[in-house]
Amino acid sequence: MKIDLHSHSTHSDGKESVAEVFQIACESGLDVLALTDHDTMSGWDEARQAASKLSMTFVPGIEITTKHHDVSVHLLAYLPSADYEPLRNRLAEVRLARETRIERYVENLQTEYRHLTMDAVRATLQEEGKSVGRPHIADAMVNLGIFAHRDEAFAGPLDKHSVFHIPSGGIDTLEAVKLVRAAGGVPVMAHPMARSTKNLVITEKHRQRFVEVIEAGLAGFEVYHREVGELARNWLTGLATEFDLVLTGSSDYHGLTGKQNRLGENTTSLEVLRKIEAQASGSAIQWA
Ligand code: AMP
Ligand code: FE
Ligand code: FE
Ligand code: ZN
């Protein structure tokens, strides 16, 4: 059984509708797909319909924007209740903060790219109430002919080291982990230590910080991901054994033209998915 637990649609910064994402997942030979749009559950209903039409299994998820000691941490939440108000409210706040941040980002960029406007960014949003991010600025810049592809914008003015950059906000990671558990969901850290270099030196401080998140209720690490290097993966695998956590693998798909990641390029075992399911009480997996 081929299982991919991390994908994005036009409900956040993916390039394709939920139905299209599931269609491509099906063509890629996937049996199970989790939709994990940034800070929103608004794509779940469409996902249930799309999965059912294709006889696929759907796992409801979210990728929550969080911050731990000023470090950006993306937290995957599997199977939380869609009706748990404290979680819904926090997500709505994060989506609002995303908008404010993107408006400020556009103001920064306008000093160099005078034709870039917030309207041009809004025009790239295809769903009502979706969560906006840097990829939508990239799309606007592509539409304006400034760049040929999202990747070029991310390699240039949208790079996190560029002078225009404004870090993403998000809620405290420990609070998010507890909130997801309170909603009956299962929190898994997305692409931990992503894009760290070969020179990564893992210290006691790293350990302390990860243990903090584990003690708050973390269930596992997404270590099989194209941005997680071997050094980080090996170290995290040791930590998972020590604390009895699960290890997942996923593509983090953003669309055929969104990012290079392809559906099914990394996968999770059925055994691990069963463990996640056993820990969840908020929502159910829609098995095919
Ligand atoms: P933000 O959350 O606004 O800081 O934007 C970061 C998001 O952009 C992450 O979810 C990335 O996965 C996503 N992203 C989409 N396309 C790209 C790309 N071509 N290069 C880097 N990140 C990208
Ligand atoms: Fe994204
Ligand atoms: Fe992420
Ligand atoms: Zn993602």
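Let us start inside the protein: F22 is buried, with a relative accessible area of 0%. Here, buried means under 20% relative accessible area, exposed means over 50%, and partly exposed lies in between (1.4 Å probe, protein chains only). This is a predicted model, in which local features need pLDDT of at least 70 and side-chain atom pairs count only at pLDDT 80 or more, while totals for chains, interfaces and linings use all residues. Residues are numbered from 1 along each chain as its sequence is written, chains are lettered from A and ligands numbered from 1 in the order in which they are written, and side-chain values use heavy atoms, with hydrogens and water left out.

## Aromatic rings

What does F22 pair with? Its partner is F58, in an edge-to-face aromatic pair with 6.0 Å from centre to centre and 70° between the planes. A pair of aromatic rings is described by the distance of the centres and the angle of the planes. Rings of Phe, Tyr and Trp (its six-membered ring) pair if their centres lie within 6.5 Å; planes under 30 degrees apart count as stacked, over 60 as edge-to-face and the rest as tilted.

The pair links distant parts of the chain, since F22 is in helix α1 and F58 is in strand β3 (residues 57-68), 36 residues apart. Helices (H or I, at least four residues) and strands (E, at least two) are DSSP runs, numbered from the N terminus. F58 also counts as buried, at 0% relative accessibility.

Searching the whole structure gives five aromatic pairs. Elsewhere, Y113, F147 and F164 form one aromatic cluster. Another ring, that of W287, has the charged end of R274 sitting over it, 4.5 Å from the ring centre. A charge sits over a ring if NZ of Lys or CZ of Arg is within 6 Å of the ring centre and within 35 degrees of the ring normal.

## Two iron ions

Which residues hold the iron ions? The table gives the protein donors of each ion. Donors are N, O and S atoms within 2.8 Å of the metal (3.2 Å for Na, K and Ca); water is not among the atoms, so sites may look incomplete.

| Ion | Protein donors | Distance | Spacing along the chain |
|---|---|---|---|
| iron ion (ligand 2) | D13 (OD), D13 (OD), H38 (NE2), H254 (NE2) | 2.0 to 2.7 Å | D-x24-H-x215-H |
| iron ion (ligand 3) | E63 (OE), H74 (ND1), H191 (NE2) | 2.0 to 2.2 Å | E-x10-H-x116-H |

For the iron ion (ligand 3), E63 lies in strand β3 and H74 in strand β4 (residues 71-78), so this pair ties together parts that are eleven residues apart in sequence. E63 is buried, with a relative accessible area of 1%. The iron ion (ligand 3) and the iron ion (ligand 2) are 5.4 Å apart.

Among the donors of the iron ion (ligand 2) are D13 and H254. These two link distant parts of the chain: D13 is in the loop between β1 (3-4) and α1 (18-27), and H254 is in the loop between β8 (246-249) and α10 (270-279), 241 residues apart. Both D13 and H254 are buried.

## Two positive phi angles

Most residues other than glycine have a negative phi, and most peptide bonds are trans. H191, a donor of the iron ion (ligand 3), has a positive phi near 25°. H191 lies in the loop between β6 (186-189) and α8 (204-216), and it counts as buried at 13% relative accessibility.

D244 is not a glycine either, yet its phi is positive, at about 55°. Is D244 buried or exposed? At 68% relative accessibility, D244 counts as exposed, and it is found in the loop between α9 (230-243) and β8.

## Sequence and space

G220 lies in strand β7 (residues 220-224) and is buried, with a relative accessible area of 0%. G220 and L247 are 27 residues apart in sequence and 5.6 Å apart in space, C-alpha to C-alpha. I171, in strand β5 (residues 171-172), is buried too, with a relative accessible area of 6%. From I171 to R134 there are 37 residues in sequence and 18 Å in space, C-alpha to C-alpha.
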